[in-house]
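Student: Could you take me through one part of this structure closely, in a single connected account? I would like to see how one helix sits against its surroundings and what the contacts there look like.

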Amino acid sequence: MHHHRHLWTGPKERFGNEALRRPPHPDPPPAPVSGGDVPAERLLKRYRDVAAEFPASDPPPIETAYWLVKPRSLVRGSWDDTQEAAVWPGRRPAEYAPRFAAAAQRDAGHLTALVGSARERPASGGDVSLGFCLERPSYLSLAIVTCSPHRERGDLPCPLSA
């Protein structure tokens, strides 16, 4: 078992675009019955577009495990040691805290509790996913994804083995 880290910052509007963050359904829509079935053709085209866009897009996926299908270039580091993986998400919020849009998120007690919870998850094979609204409006996403195999999505390959 090892862990990958992901850090994404970007426009909140891009983060809010769920079409870029949600994988396509495993079953494509049925093919159009005839050449004139415009709605079915549009639906199939949109499905194909999403199927091509999702793995290549950089915004954080809605389900943390799907970071595993994203390009290898989006992996910001990996660890074999669970303790080392658990420390990383604790350092990042402090770096960005001055830019947090909500004062409550900057509160030291809040951050301590959040980081404490995040440190426990990799040891049990769980993922960590933290998100913060930043000024301008931007968004910060931090994730630790457990890999080889993933506890709930063992069918997803390790991005480093591709």
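Tutor: In this predicted model, the part to look at is helix 4, residues 82-96, which lies across strand 1, strand 2, strand 3 and strand 4 (138-147), and which runs at about 175° to strand 4. The buried residues of this helix are Thr82, Ala85, Ala86, Trp88, Pro89, Gly90, Arg92, Pro93 and Tyr96, and what covers them includes strand 1, strand 2, helix 6 (108-120), strand 3 and strand 4. At the N-terminal end of helix 4, aspartate 81 acts as a cap, with a side-chain oxygen placed 2.8 Å from the backbone nitrogen of glutamine 83.

The strands that helix 4 lies across bring us to the sheet, which is open, has four strands in the order 2-1-4-3, and is paired in the antiparallel sense. Strand 2 (77-79) and strand 3 (128-134) stand at its edges with a single partner strand each, so one side of each of these two strands has no neighbour in the sheet. On average, and with direction ignored, neighbouring strands of this sheet are turned by 15° against each other.

Strand 1, residues 2-11, is joined to strand 2 by three bridges, the two strands running antiparallel, and strand 1 also pairs with strand 4, again in the antiparallel sense, over ten bridges. The register can be followed residue by residue: on the strand 2 side, histidine 3 stands opposite tryptophan 79 and arginine 5 stands opposite glycine 77, while on the strand 4 side proline 11 stands opposite serine 138. Strand 1 is mostly covered, seven of its ten residues being buried.

Within strand 1, histidine 3 deserves a closer look. Its relative accessible area is 0%, and because the cut-off for a buried residue is under 20%, histidine 3 counts as buried. Leaving aside residues up to four places away in sequence, histidine 3 touches Gly77, Ser78, Trp79, Asp81, Thr82, Ala85, Pro122, Ile144, Val145 and Thr146. This list includes Asp81, the residue that caps helix 4, as well as Thr82 and Ala85, which are among the buried residues of that helix. With threonine 82 there is also a polar contact, side chain to side chain, at 3.2 Å.

Tryptophan 79, which histidine 3 faces across the strands, leads back to the helix through its ring. A search of the whole structure finds five aromatic pairs, and one of them joins tryptophan 79 to tryptophan 88. A pair of aromatic rings is described by the distance of the centres and the angle of the planes. For these two tryptophans the centres are 6.1 Å apart and the planes stand at 50° to each other, which makes the pair tilted. Both partners are buried: tryptophan 79 has a relative accessibility of 10%, and tryptophan 88 has a relative accessible area of 7%.

Elsewhere, ring pairs link Trp8, Phe15 and Tyr139 into a cluster. The ring of phenylalanine 15 has a further neighbour, since the charged end of arginine 21 sits over this ring, 3.9 Å from its centre. A similar arrangement involves lysine 70, whose charged end sits over the ring of phenylalanine 54 at 4.0 Å from the ring centre.

Conventions: Residues are numbered from 1 along each chain as its sequence is written. This is a predicted model: local features need pLDDT of at least 70, side-chain atom pairs count only at pLDDT 80 or more; totals for chains, interfaces and linings use all residues. Side-chain values use heavy atoms; hydrogens and water are left out. Two strands pair if DSSP finds at least two bridges between them. Axes are lines fitted to C-alpha atoms, for helices over the stretch in contact, and angles run from 0 to 180 degrees between N-to-C directions. Contact means heavy atoms within 4.5 Å. Buried means under 20% relative accessible area, exposed over 50%, partly exposed in between (1.4 Å probe, protein chains only). A polar contact is a pair of N or O atoms within 3.5 Å; within protein, one must be able to donate a hydrogen and the other to accept it, and residues adjacent in sequence count only if both atoms are side-chain atoms. Rings of Phe, Tyr and Trp (its six-membered ring) pair if their centres lie within 6.5 Å; planes under 30 degrees apart count as stacked, over 60 as edge-to-face and the rest as tilted. A charge sits over a ring if NZ of Lys or CZ of Arg is within 6 Å of the ring centre and within 35 degrees of the ring normal.
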